[in-house]
Amino acid sequence: MATSIIRGPAAKAAGLLFGAVLALAAPNATRADIFEAHEFTLPNGLDVVVIPNHLSPVVVQAVVYKAGAADGLPGKNGIAHFLEHLMFKGTKTLAQGQFSKEIDKRGGNDNAYTTQDVTVFHQEIAKEHLGLIMKMEADRMVNLRLTDAIVLPERDVILQERGERIDNEPGAKLSEAVDATLYLNHPYGLPVIGWRHEMETYTTQDALVFYKKFYEPNNVVLVIGGDVTTEEVRALAEKYFAPIPKGATVERHRLQEPPPSAARRVSLSDERVRQPYLVRSYLAPNYRNEKSNEGYALTVLSEILTGGTAGRLYRRMVIEQQSALGVDTGYDGGAYDIGRFSFYATPRQGGDLGAAEQALDKEIAALLKDGVTDQEVADAKRRLQIAAIKSRDSVSGPVFMVAEALGKGRTLADVQAWPERIGAVTAADVLKVAAQVLRPENSVTGTLLPKPAQEAAQP
Amino acid sequence: MIARLAILVCLLVLPRWAFALDIQSVKSDTGIEIWLVESHVNPIVSVAFGFKGGSGFDPVGKEGIAELTSGLLDEGAGDIDSEHFQKRLTDHGIDFSFSSDLDDFTGKTRFLRDDRAEAAQLLSLALGAPRFDQEPVERIRNAQLIDIAQNETDPNSIAGREMEELVLNGHPYSRPSDGTKASMDSITADDLKQFVHARFVRSRLLVSIVGDVSPAEAKAFVDQAFGSLPEDAILTSVPPIAPSKAGRTRIVDFPVPQAIVQFAEPGIARSDPDFFPAYLVNYVLGGGGFSARLMNEVREKRGLVYGIGTDLWTFDAGGLIAGQFQTDPGKVAQAIDIVRTEWERMAREGPSQKELDDAKAYLLGYYPRNFTNTMDTAQLLRGLQTEHLGIDYVTRRQKEIAAVTIEGARKAAKRLFDAAQLTFVVVGPADQIQLPGAEVVKAPPQN
């Protein structure tokens, strides 16, 4: 779902499918009072959170713009991601590419990524350079300079990025098709990186339109973690960010989903596929819009079903029935408008994807009929709480959890109350939300299948 | 090969003058040396350990056995079957994982401090008495066979295998770490038991611990976890690698929209006195992300790729310098031409003084970023143990980097980079790739 300016250190050979699920699960691993965190707001509306952490003399900064791919522009879908790339291209006072070089030559790193809901710029560097990275972020919030000579080669770069991430990867093309089918009207159905034919038409002006509309201090969350105090951050924020004038109020205007009425299926066959798999995604409540505790109950449900190999589906489908080689679930409750609950299953070698799907359907039916046990709920809650404690053992992890949550419309108090709300979930809550979400008409089922090499024409 | 070797890069990142890491060397009652960093911020303990002898040491005909073993050690041990072993791990939230690179078999575990006796007991069973029951063996073998099949049609894997064949001249490290269908089918539970008894021995054990433990608690942990392993066993040796200098270019005809390009030539060993100068000039050419010449020339100026980079790969048996990028088939020739030009220019001129200074500043300034969580710190220490770099390395290496001169860097560049020796592998549709003189082969058949 996220796409970023440059890939990580090594392309992962395996684990594409389950890696995605882990990424969805990670932001959940927080707990009330688990982080020491302090929040304040500058007069121009810029929201600041500080998470002191003294494991090493390092700081991490995340600047979150509350604008992502789902925020436009119509006909130029993906422009948010293109602008993310262009934010490294220089300002009134900083030459093209200088932003990253200033950080590199102090031993830091910097990067950025775009999702449907947010665009996040982040750096990690020795603590004495915090002022520098805050100054440079404040600078590019208002002083970006773009010309066609700079913009057009970068458009070629994102087309290469699309080739590498999507067009060359059958699994990524299937994900794109599942998304496009799951959302009937909401822009979450469009790819974050954009469709190739629209990407080819992006102009400098398109990027500037998005920049001027959304890149305002009152539309930003600044999160800083590491070996700092709130007072140090406050002084630097007042020096560098406070002088930026407040912009117009920014609102998200997105087309909303109608109630779904039909289960849908999509399938992709490719000669390169040697491991077929199935993904089924259901529209679900999210954390932000919930009136009750539905998001938390879905988190517990996912943990019961596939939390580690002790999870119920892994035990039954993979070990006992041997109807699948792998099975997993993921709940993304963080999305701004709509949550999503997904299942993944892979058959054994030479096995039948249809048999894996039938076994999965049987498990879902059993879940809806019999619910979950109190013991399963208690075990899942304990595992989630241990994970929350471990999430403190990181400088960057808590920064990104808070950045994502606040960027997508939740509050710091929501993050801090997460374990308490998880702790309040009951077996009845889990069954109730499962029955509400796991209905065929809420879902799209996608299958990735091998395609036999073409046979010669017969006379 | 690219994916397998990524971890090595992490070992090369460097300490900084001002930051002191208090590494204690502690000897347990049974004689096991531990590198220990106490960190009492959170009630969490991370343990990283390893045994010399990774996938590169797999017996001929049993390729993939180290990888298979790494997936089976938490699937039942002693009197505990797979289900109950997994349940004890997850109930306590104990992270437990094993992996194998070419040189070393490694493991790591992270747990809450109150669970350290439970973690030590499970680790002791996993290493000393794994069950290798039929159900988990077949399940994990099946998963590995599917990986093997999937890699046959993955263009990055195809490129990596072709490069190993062209460059490594039949060295044992060019064999598939995942194994082949035939080798995987031949591995029995007895083979696995033999492997464990021959490999997991105290004479080749290295352990680092970081987190909320005292020296006494760390000693008790390792004695319980590793104390009953056998003292020693014979490990066959692997000869030095003798990489090809032939500088060939091979196109593997394969129908993907975007072509994959890998390139490599002989590199430098970690123990070579020129290692830091070589590391720095590689940073300037291709290792330094947006600060590197290749990224600037190929991506920033011309928009030919999304990413391009080079790495020094160091094994116990020698080294390579290698890189990769992806681009449209019609742009492969232009991008390769730029790589060659920059390769030659770096060999001829070396880095500028400013480039060298920036590269040194990066490596010196990076240091504290290695220590932002307990497991990364433990793994870094275990890497230093593996490379025999010594417990004083943290400060010594800063001095060595700072002492690299422009003359030393230029000399290393001349020694390291030779465009004539550079081998290129391109995986993509051959009819769209214009590389005169390149040999064209079909994608290898599936086994």
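Helices (H or I, at least four residues) and strands (E, at least two) are DSSP runs, numbered from the N terminus. This is a predicted model, in which local features need pLDDT of at least 70 and side-chain atom pairs count only at pLDDT 80 or more, while totals for chains, interfaces and linings use all residues. Residues are numbered from 1 along each chain as its sequence is written, and chains are lettered from A and ligands numbered from 1 in the order in which they are written.

**Chain A: a cis peptide bond**

Select A:Gly72 and A:Leu73. The peptide bond from A:Gly72 to A:Leu73 is cis, and its omega is near -5°. A:Leu73 sits in the loop that runs between strand S4 (58-65) and helix H2 (79-86) of chain A.

**Chain A: helix H13**

Next select residues 374-390 of chain A, which form helix H13 with 17 residues. From first C-alpha to last, H13 of chain A reaches 25 Å, close to the expected 24 Å (the expected span is 1.5 Å times one less than the number of residues). Colour the helix by burial: a residue is buried if 20 or more other C-beta atoms lie within 10 Å of its own, exposed if 12 or fewer, and partly exposed in between, with C-beta atoms placed from the backbone. The buried residues of H13(A) include A:Glu376, A:Lys381, A:Arg383 and A:Lys390, and also A:Val377, A:Leu384 and A:Ile386.

**The contact between chains A and B**

Show both chains and select the residues in contact (C-beta atoms, placed from the backbone, within 7 Å). The contact takes 56 residues from chain A and 62 residues from chain B. On the side of chain A that touches chain B, helix H3 (98-104), strand S6 (119-126), helix H5 (148-167), helix H11 (312-320) and H13 each supply at least two residues. H5(A) gives the most, with 9 residues. By residue class, this side of chain A divides into 20 nonpolar, 15 polar and 21 charged (Ala, Val, Leu, Ile, Met, Phe, Trp, Tyr, Cys and Pro count as nonpolar, Asp, Glu, Lys and Arg as charged, and the others, Gly among them, as polar).

**Chain B: the sheet of 6 strands**

Move to chain B and select the open sheet with strand order S1-S2-S6-S3-S5-S4 and mixed pairing (two strands pair if DSSP finds at least two bridges between them). Its edge strands are S1 (24-27) and S4 (95-100) of chain B, each pairing on one side only. At the S1 edge, S1(B) pairs with strand S2 (residues 33-38) of chain B in the antiparallel sense over 4 bridges. Label B:Val26 there, and opposite in S2(B) is B:Ile34.

**Chain B: a hairpin**

Select strand S9 (residues 308-315) of chain B, where 8 of 8 residues are buried. B:Ile308, B:Thr310, B:Leu312 and B:Thr314 point one way from S9(B), and B:Gly309, B:Asp311, B:Trp313 and B:Phe315 the other way. Add strand S10 (residues 318-327) of chain B, which pairs with S9(B) in the antiparallel sense over 8 bridges. A hairpin joins S9(B) to S10(B) through 2 residues. B:Asp311 has B:Ala322 as its bridge partner in S10(B).

**Chain B: two positive phi values**

Last, select B:Phe132 and B:Asn169. B:Phe132 is not a glycine, yet has a positive phi of about 55°; this residue lies in the loop between helix H4 (116-128) and helix H5 (134-152) of chain B. B:Phe132 counts as buried because it has 22 C-beta neighbours inside 10 Å. B:Asn169 also has a positive phi, near 55°, and lies in the loop between helix H6 (155-167) and helix H7 (181-186) of chain B. B:Asn169 has 13 C-beta neighbours inside 10 Å and therefore counts as partly exposed.

Terms used
Contact = placed C-beta atoms within 7 Å.
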